Amino acid sequence: MTHYFSIEKFATSIRTNWPLIASILEANPALSLTGGFFWTLGLIWARSILAAALREGPPDWERAFALMVTEFDEVVGRKERRFGERLLLLKGGNGKAQEQSQPGSIFSAITQPRAQLDRLTQGVWQLFYSLLSASPRSKKTDLRANLSLVREGKVEQIVCHLPSNLGVRTSCDVLSRRESGIMTAVRTGRIVVIESTAEELRRPRPQFVIEGSIGDYEDASLICYPVRLVDPDMFFVVSLLYSKPRGFLRRYEHAYSELLESFALRMRLEYNLMALKGLSGVEDGDGGSR
């Protein structure tokens with residue numbers, strides 16, 4: 001419309017080919033310009049809606065894999081330091097070095113699967129915290145992460161919980177119910193994404209459980225991701241509870257799964273190391289028998 005009123009050649013072309021449109025524009029120029037302004041805004045709004053619908057991942061997701069590599073570098077870096085310290089000790093040549101040079105002692109010292117599981121869970125929490133904090137809607141990011149061990153259809157223990165200064169809000173007995181997000185993920189073998197825990201609790205067959213009254217809990221969104229282990233009927237389940245409803249969306253299940261599977265692979269490795277240490281009678285490096 002701006003071109004019509006400012007470029008004579010363009011206006012002449014419109015009058016020749018679309019005389020009806022030209023007459024409408026010239027009948028009320030001010031109204032035509034106002035209409036054009038809102039038409040442009042409408043196109044921009046429609047474009048943003050279409051772009052959001054076609055987006056394969058959440059906002060800022062293009063940073064996800066770079067952040068994931070950073071977390072894995074930290075995990076590998078800790079192992080490298082531990083291996084290097086052990087090598088320097090063995091090269092010391094003293095009595096302690098001779099004692100520590102036995103294969104069982106080396107295996108115990110350089111493999112610390114329990115500590116590595118904690119670090120991997122922290123990596124999941126840190127990765128999602130960084131991504132959620134970058135969201136335009138995010139003013140305060142309250143994110144909790146659990147790594148649960150499920151054995152024979154029951155949540156046996158919470159292996160790791162973050163932030164560590166906040167207690168686990170729901171007992172293992174309650175989390176072991178068939179309708180919990182954790183057990184649904186184990187039963188189906190698929191990621192569970194709950195966009196609104198409040199809405200989920202009102203469904204006839206919810207996939208979320210709480211301990212206490214509904215009024216004690218704020219609405220939130222939840223991810224539960226199952227990690228099948230080599231032992232039959234044993235799983236890890238990674239759970240992420242975000243304090244905002246629709247912070248996690250079902251349409252992004254594939255994006256969440258793609259990230260979490262990379263952590264799951266390393267969690268399976270650490271579980272296998274932990275099981276091997278238990279079978280060999282070797283204590284875990286952090287001092288506990290695993």
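**Close-up views of the predicted model**

In this predicted model, the protein chain has a mean pLDDT of 77, and 64% of its residues reach 70 or more.

**View 1. An open sheet is formed by five strands.** The strand order is β2-β1-β5-β4-β3, with antiparallel pairing. The sheet is bordered by the edge strands β2 (154-162) and β3 (192-194), each of which pairs on one side only. From one strand to the next, the twist averages 20°.

**View 2. Edge strand β3 pairs with β4 in the antiparallel sense.** Strand β4 comprises residues 221-228, and its pairing with β3 extends over three bridges. Within this region, I194 stands opposite L222 of β4.

**View 3. Helix α8 lies across β1, β2, β4 and β5.** The helix spans residues 113-133. Among the strands that α8 crosses are β1 (143-151) and β5 (234-242). Helix α8 runs at about 140° to β1.

**View 4. Helix α10 packs on the sheet.** This helix, formed by residues 181-188, touches β1, β2, β3, β4 and β5. The direction of α10 makes about 40° with that of β4.

**View 5. Two segments have pLDDT under 50 throughout, residues 51-55 and residues 285-290.** For residues 51-55, the model has three contacts beyond four places in sequence. For residues 285-290, the model has 14 contacts beyond four places in sequence.

Note on methods. Residues numbered from 1 in each chain as written. Predicted model: local features only at pLDDT ≥ 70, side-chain atom pairs only at ≥ 80, totals over all residues. Heavy atoms only, no water. Pairing = 2+ DSSP bridges. Helix = DSSP H or I, 4+ residues; strand = E, 2+ residues; numbered from the N terminus. Axes fitted to C-alpha atoms, helices over the stretch in contact; angles between N-to-C directions. Contact = heavy atoms within 4.5 Å. pLDDT = per-residue confidence, 0-100.
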